[in-house]
Amino acid sequence: MTRTRDLSPLAARGLIVVVALCWSSMGVAFKFVDWDPLVIAGGRNLLSFLFLALSRRNIRISLKREVVAGALISYFAQTTFTYANKLTTAANAIVLQYTNPIFVLLLSWLLLRQQLRKRDVALSLVMIGGIALFFLEELSPGQMTGNLCGLLSGLGMAAGILYACAGRADLREYTMLNSLIAILIGIPAAVRHPPLLTWQSVLAVFLIGVVASGFASALQAKAAPKLSPVEMSMLLMLDPILNPIWVALMVGEVPGLFTFMGMVVVIVCVILNILLNSRKEMTAKEGREEKILDNITKMV
């Protein structure tokens with residue numbers, strides 16, 4: 001796999017698109033697992049932990065402040081999203097979680113003192129609108145507590161994206177620490193509710209743990225330091241709108257008109273953002289090359 005320092009921004013974008021594709025497969029995989037949610041989480045995180053340990057070639061986890069902070073951010077985002085799913089509709093929880101680009105922009109402005117770009121704000125709002133359109137037929141007022149948890153999960157996901165892009169700790173290492181927490185919680189749940197082991201459920205949990213969690217985290221760890229948090233959050237918005245494609249292929253549930261329209265909106269915005277950023281990088285590269293040529297000419 002390409003080393004991070006040799007990774008181009010375009011290649012990094014491609015890796016995050018693959019991450020979104022991996023994440024999107026979880027929805028259809030869960031349909032084949034009739035286990036207690038805590039048991040699923042424990043099994044998934046056990047496989048993710050083992051995959052990431054192989055990826056790092058190291059099973060040890062340091063308890064440095066940076067690693068613990070990353071694990072706590074990840075745990076906060078996952079826990080608030082779980083409670084959002086329990087206390088409001090699944091559609092509300094997903095739409096509210098994917099308000100995270102706005103939180104990324106606000107946190108970048110407040111904490112990192114980065115200037116807000118009108119283009120980023122406009123694209124983020126349009127993409128959030130696309131996600132809302134995508135789930136339009138399933139949205140409801142919901143419960144206030146559940147909706148609040150959904151917003152908090154969006155804030156947690158934004159904080160996780162900012163932390164991953166900052167590269168202060170190995171994402172794989174603090175994801176392993178987060179996985180250990182889920183494993184410890186899952187063990188007593190498995191004793192109380194022993195899982196029914198069928199080849200479908202075992203294969204589904206394997207795919208969720210290894211592909212959608214472990215492999216995706218390894219790719220994200222490589223790509224995140226090469227991208228801005230805003231761009232990464234936009235690319236990851238492909239996750240919820242790719243899920244119905246898997247469902248249509250595996251289960252035969254065909255998405256409706258509003259779902260299709262929401263997919264188009266998000267995909268078009270992602271492509272537009274990639275093209276605009278690539279054009280900006282190409283212009284900057286050409287400017288650097290011209291400056292080098294000018295310096296050489298002066299020396300001659």
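Biologist: Which helices are included in what covers the buried residues of H2?
Modeller: This is a predicted model, in which local features need pLDDT (the predictor's confidence in each residue, from 0 to 100) of at least 70, side-chain atom pairs count only at pLDDT 80 or more, and totals for chains, interfaces and linings use all residues. Residues are numbered from 1 along each chain as its sequence is written, and side-chain values use heavy atoms, leaving out hydrogens and water. Helices (H or I, at least four residues) and strands (E, at least two) are DSSP runs numbered from the N terminus, and the cover over the buried residues of H2 includes helix H1 (9-30), helix H8 (171-192) and H9.

Biologist: Which residues of H2 are buried?
Modeller: Buried here means under 20% relative accessible area, exposed means over 50%, and partly exposed lies in between, with a 1.4 Å probe and protein chains only. In H2, the buried residues are Val39, Ile40, Gly42, Asn45, Ser48, Phe49, Leu52, Ala53 and Arg56.

Biologist: What span does H2 reach from its first C-alpha to its last?
Modeller: The expected span of a helix is 1.5 Å times one less than its number of residues. H2 has 20 residues, for which 28 Å is expected, and the model comes close to this with a reach of 28 Å.

Biologist: With which residues is Asn45 in contact, leaving aside its neighbours within four places in sequence?
Modeller: Asn45 belongs to helix H2, where its relative accessible area of 7% means that it counts as buried. Taking contact as heavy atoms within 4.5 Å, and leaving aside neighbours within four places in sequence, Asn45 touches Ser179, Ala182 and Ile183.

Biologist: Is Ser233 buried or exposed?
Modeller: Ser233 sits in helix H10 (residues 229-235), and beyond four places in sequence it is in contact with Asn100, Pro101, Val104 and Ile161. Gly160 is 73 residues away from Ser233 in sequence, yet their C-alpha atoms are 10.0 Å apart in space. Because its relative accessibility is 0%, Ser233 counts as buried.

Biologist: What is the phi of Arg57, in the loop between helix H2 (37-56) and helix H3 (65-87)?
Modeller: Arg57 lies in the loop that joins these two helices, and its relative accessibility of 80% is why it counts as exposed. Although Arg57 is not a glycine, its phi is positive, at about 60°.

Biologist: Which helix holds Leu111, a member of a nonpolar surface patch?
Modeller: Patches are made of residues with over 30% relative accessible area and no salt bridge, joining like charges within 9 Å and nonpolar side chains (Val, Leu, Ile, Met, Phe, Trp, Tyr) within 5 Å, where a salt bridge is a side-chain nitrogen of Lys or Arg within 4 Å of a carboxyl oxygen of Asp or Glu. Areas come from the Shrake-Rupley method with a 1.4 Å probe, and for residues only the protein chains shown count as cover. This patch, of about 580 Å², is made by Leu106, Trp109, Leu110, Leu111, Leu112 and Leu116. Leu111 is exposed because its relative accessible area is 64%, and its place is in helix H5.

Biologist: Which element of the chain has the lowest mean pLDDT?
Modeller: The chain averages a pLDDT of 82, and 86% of the residues score at least 70. Over residues 292-297 pLDDT stays under 50, and the model has zero contacts for them beyond four places in sequence. Where pLDDT is low, the predicted coordinates should not be read in detail. Whereas helix H9 (residues 199-223) has the highest mean, 92, the lowest, 66, belongs to helix H12 (residues 257-299).
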